[in-house]
Every structure is written in structure tokens, then in C-alpha cells.
Amino acid sequence: VGTGYGRVNVPFAHKAITEIACHARGANYMGGNKVRTILDMGGQDCKAIHCDDKGKVTNFLMNDKCAAGTGRGMEVISDLMQIPIAELGPRSFDVETEPEAVSSICVVFAKSEALGLLKAGYTKNMVIAAYCQAMAERVVSLLERIGVEEGFFITGGVAQ
């Protein structure tokens with residue numbers, strides 16, 4: 001079985017399945033038949049998925065803009081801050097006050113804003129928190145548009 005964006009380019013695959021269907025089926029397998037809402041936090045996109053008790057997709061939405069709110073956006077901020085990506089989450093909480101979110105529309109704008117915040121005297125942790133806040137706002141907006149049902153599950157590399 002071929003899956004993901006390159007699924008049609010797997011010459012030995014007998015079947016091609018979307019990554020959306022795979023995430024739903026995998027969440028159903030790992031989380032049980034009560035899983036209904038899945039947030040797939042991937043490297044290139046973010047998806048909110050609804051599924052039935054067998055893991056069959058009933059509805060989904062994807063982020064509709066650039067890499068803001070994805071693993072790639074986290075990599076850009078990690079590189080900019082020169083901090084290992086695994087440290088971004090914990091460091092985003094190590095601030096005295098919650099900063100305003102940077103741009104949640106575009107990772108290029110967010111990077112530019114992050115540089116401006118550093119020049120204005122923000123600590124790296126504050127800049128990381130501002131980016132994470134923007135990312136959280138994007139994700140919440142996506143989930144609000146599809147609606148969150150009980151049985152919530154997170155998949156993808158950013159889930160960790």
C-alpha cells in the first residue's frame with residue numbers, strides 16, 4: 001500500500017490510500033473505536049479529521065495557508081533560535097508573561113516578526129512562546145471549524 005503525497009509513485013504498491021484515511025484508521029486502531037476527532041500535526045500541513053467507530057473518514061479540513069502551524073514552521077523557528085526542536089515546547093512555557101502571538105498566516109512573516117522581537121529585547125523563550133501561541137491559534141481555529149467530538153486523538157510528528 002502506498003500512502004502520503006507520493007502514494008501514486010510507489011511502483012510496487014497494489015493500492016493507494018490517502019494519508020487522511022491512514023491517520024483515521026491508525027487512530028482508531030491505537031485509540032479504540034471511541035476516537036471521533038483526530039488532529040494530524042504533520043511536517044507540511046495540519047488536518048482535522050472526523051471518523052466513525054471503524055476509523056472511516058466522515059469529514060476533514062486542512063490548513064489552507066503556508067507552513068505556519070506545521071512541523072516545518074517549528075523547524076524554521078528552531079533554526080532561527082538555534083535551539084533543538086525538542087526544547088521548543090518546554091521553553092515556550094518558561095516565560096513570566098504570555099506574549100502576543102506572531103503571524104499565524106505565514107511562516108516567513110512569523111520568522112520576520114520573531115527577528116523583530118529579538119531585536120526589541122524579547123528573550124528566546126518569549127519569541128518561542130509567541131510562535132507556539134500563533135501555532136496553537138491556527139490549530140484551534142481549524143478544530144473549531146470542523147467541531148471537536150469526544151474521543152480526541154493527535155497524530156503526526158508534532159504531536160510529540
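## Packing around helix α4

In this predicted model, the cover over the buried residues of α4 includes α2 (71–81) and α5 (124–146). The residues concerned are Val107, Ala110, Ala114 and Leu117, which are the buried residues of α4. Viewed down the axis of α4, these buried residues fall within an arc of 70 degrees, so they line one face of the helix. An α-helix has 3.6 residues a turn, so residues three or four places apart point the same way. On the other side of α4, exposed positions are Val108, Phe109 and Lys119.

Helix α4 itself comprises 13 residues, 107–119. From first to last C-alpha, α4 reaches 18 Å, close to the 18 Å expected at 1.5 Å a residue. Glycine 121 follows α4 and has a positive phi, near 105 degrees.

## Helix α1 and the strands

Helix α1 covers residues 19–31. Its 13 residues should span 18 Å at 1.5 Å a residue, and the end C-alpha atoms are 17 Å apart, which agrees. The buried residues in α1 are Glu19, Ile20, Ala24, Ala27 and Asn28. The list thus includes the acidic residue Glu19 and the amide residue Asn28.

Strands supply the packing partners of this helix: the buried residues of α1 pack against β1 (2–3), β2 (16–17), β3 (37–41), β4 (46–51), β5 (57–62) and β6 (152–155). Just after α1, glycine 32 adopts a positive phi of about 95 degrees.

## Methionine 74 in helix α2

Methionine 74 lies in helix α2. Its relative accessibility is 11%, and methionine 74 therefore counts as buried, the cut-off being under 20%. Leaving aside residues up to four places away in sequence, methionine 74 touches Ile85, Leu88, Tyr131, Cys132 and Met135. Of these, Ile85 and Leu88 fall within α3 (85–92), whereas Tyr131, Cys132 and Met135 fall within α5 (124–146).

The contact with Met135 joins positions that are distant in sequence: methionine 74 and methionine 135 are 61 residues apart along the chain, and their C-alpha atoms are separated by 8.9 Å.

## The loop between α2 and α3

Glutamine 82 is located in the loop between α2 and α3 (85–92). Phi of glutamine 82 is near 55 degrees, a positive value in a residue other than glycine. With a relative accessibility of 70%, glutamine 82 counts as exposed, because the cut-off for that class is over 50%.

## The chain as a whole

The protein chain contains five helices and six strands. Along the sequence, these elements follow the pattern β-β-α-β-β-β-α-α-α-α-β. The C-alpha atoms fill a box of roughly 55 × 35 × 25 Å, taken along the principal axes. Among contacts between residues at least 6 apart in sequence, 64% join residues at least 24 apart.

Of the 160 residues of the protein chain, 39% count as buried. The chain exposes about 9200 Å², of which carbon and sulfur atoms supply 55%. The protein chain carries 16 positive and 18 negative charges, and the mean positions of the two sets are 8 Å apart.

How values were computed: Residues numbered from 1 in each chain as written. Predicted model: local features only at pLDDT ≥ 70, side-chain atom pairs only at ≥ 80, totals over all residues. Heavy atoms only, no water. Helix = DSSP H or I, 4+ residues; strand = E, 2+ residues; numbered from the N terminus. Expected span 1.5 Å × (residues − 1). Buried < 20%, exposed > 50% of the residue type's maximum accessible area, 1.4 Å probe, protein only. Arc of directions from axis to C-beta. Contact = heavy atoms within 4.5 Å. Areas by Shrake-Rupley, 256 points an atom, 1.4 Å probe, with all protein chains shown as cover. Lys, Arg positive; Asp, Glu negative; His and termini not counted. Charge placed at Lys NZ, Arg CZ, Asp CG, Glu CD.
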